[in-house]
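Me: I'd like a close look at one part of this protein, the salt bridges. Could you walk me through them?

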Amino acid sequence: MASTIKVNTLDSYTGTNITVPSGKTLTVGGKLVTAGSSNIQRATGDVTVATTAGYDVSGKSELVIAANASAATRTITLCPVTETGADTCIITIVADADATSTYKLTVLESDGATEVWTGYAKNDFVRLIVSNSAWLVVDHKETIYSHRYMTADQTISSSATEKLTGNGSGWTSIRDIGNTWDTANNRLDTPTGMNGYWTVSHNIACAAQHIGNSPVLYIGGSKISAYDQGGANTSGYTDGQNGVTGKYYATSTQAVEFYAANRMSSTAYTTTGGSASASHFTAQFERVY
């Protein structure tokens, strides 16, 4: 018959350690306590928390998984929130190398389909706990960034606002992380399933001393920043502007598009491309939950 010992203080007879004999286990509040409070693993393949050997949450205060998508997309699948120990274990997934090609490091719900977090660059991470019977993101960092210049010149018709495509040649990448650029449509797509803020700097250059072309920014098909509200006129070159900078909220269905407006009503003007110092943009996305 099992016995119960009730004490106010538990201490060792000698030394500072209290030892559980080999072959015996210790549970506290119904949770199995195993050697070490943290479980740190490096995943070289896809893993499922608490199912893949070694990726235990029971008896642990934190599970840290390092992985990367340098050679292939890597998937970490969470255990159900009802898994023994999940409600007392913090889970951190961190990228230990940059993703390449179109690969990504992604974290899924226990259903194996619902995306929780996606990262690309070294040191991107997500930190999760169970709260209110669901996985809750308590901290995260993901690098989604694009820096491009317009590949060729593009002439903007008088009084017109036109999307910049480099006269059909598109935009040349200087640095892209996160695979958000849509080459076919010359736009930045907000990542699927994510809402957040785009910090954008849209800058255009010109070939003429006086220029009527000004940058215009669209998000979700709507003009959100422009310098052409007053309409075009024959002295439009005096109103020209070369940059638009701002931080704008976007949903997962909204794209960022780059336009130019010609303030001159009588003359077409050329927006120049062909180099990093010509017409270009930088854009970084900050996800919110």
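To start us off: does R127 count as buried or partly exposed, and what is the relative accessibility?

Reply: Happy to! Please keep in mind that this is a predicted model. R127 counts as partly exposed, at 26% relative accessibility. The side chain of R127 forms a salt bridge with that of E62, with N and O 2.6 Å apart. Because E62 sits in strand β5 (residues 62–67) and R127 in strand β10 (residues 125–131), this pair ties together parts 65 residues apart in sequence. E62, for its part, is buried at 17% relative accessibility, the cut-off for buried being under 20%.

Another pair is D176 with R148, whose closest N and O atoms are 3.1 Å apart. Here strand β15 (residues 171–177) holds D176 and strand β12 (residues 144–150) holds R148, so parts 28 residues apart in sequence are tied together. In this pair the acid, D176, is partly exposed at 30% relative accessibility, while R148 is buried at 10%.

Then there is E257 with K163, where the closest N and O atoms are 2.7 Å apart. E257 belongs to strand β23 (residues 255–262) and K163 to strand β14 (residues 161–163), so this bridge ties together parts 94 residues apart in sequence. E257 is buried, with a relative accessibility of 11%. Elsewhere, D182, R187 and D189 are joined into one network by salt bridges that share partners.

For the wider setting, the count of salt bridges is 10, in a protein with 25 strands and 0 helices. Of its 289 residues, 40% count as buried.

Definitions and conventions:
Residues are numbered from 1 along each chain as its sequence is written. This is a predicted model: local features need pLDDT of at least 70, side-chain atom pairs count only at pLDDT 80 or more; totals for chains, interfaces and linings use all residues. Side-chain values use heavy atoms; hydrogens and water are left out. Helices (H or I, at least four residues) and strands (E, at least two) are DSSP runs, numbered from the N terminus. Buried means under 20% relative accessible area, exposed over 50%, partly exposed in between (1.4 Å probe, protein chains only). A salt bridge is a side-chain nitrogen of Lys or Arg within 4 Å of a carboxyl oxygen of Asp or Glu.
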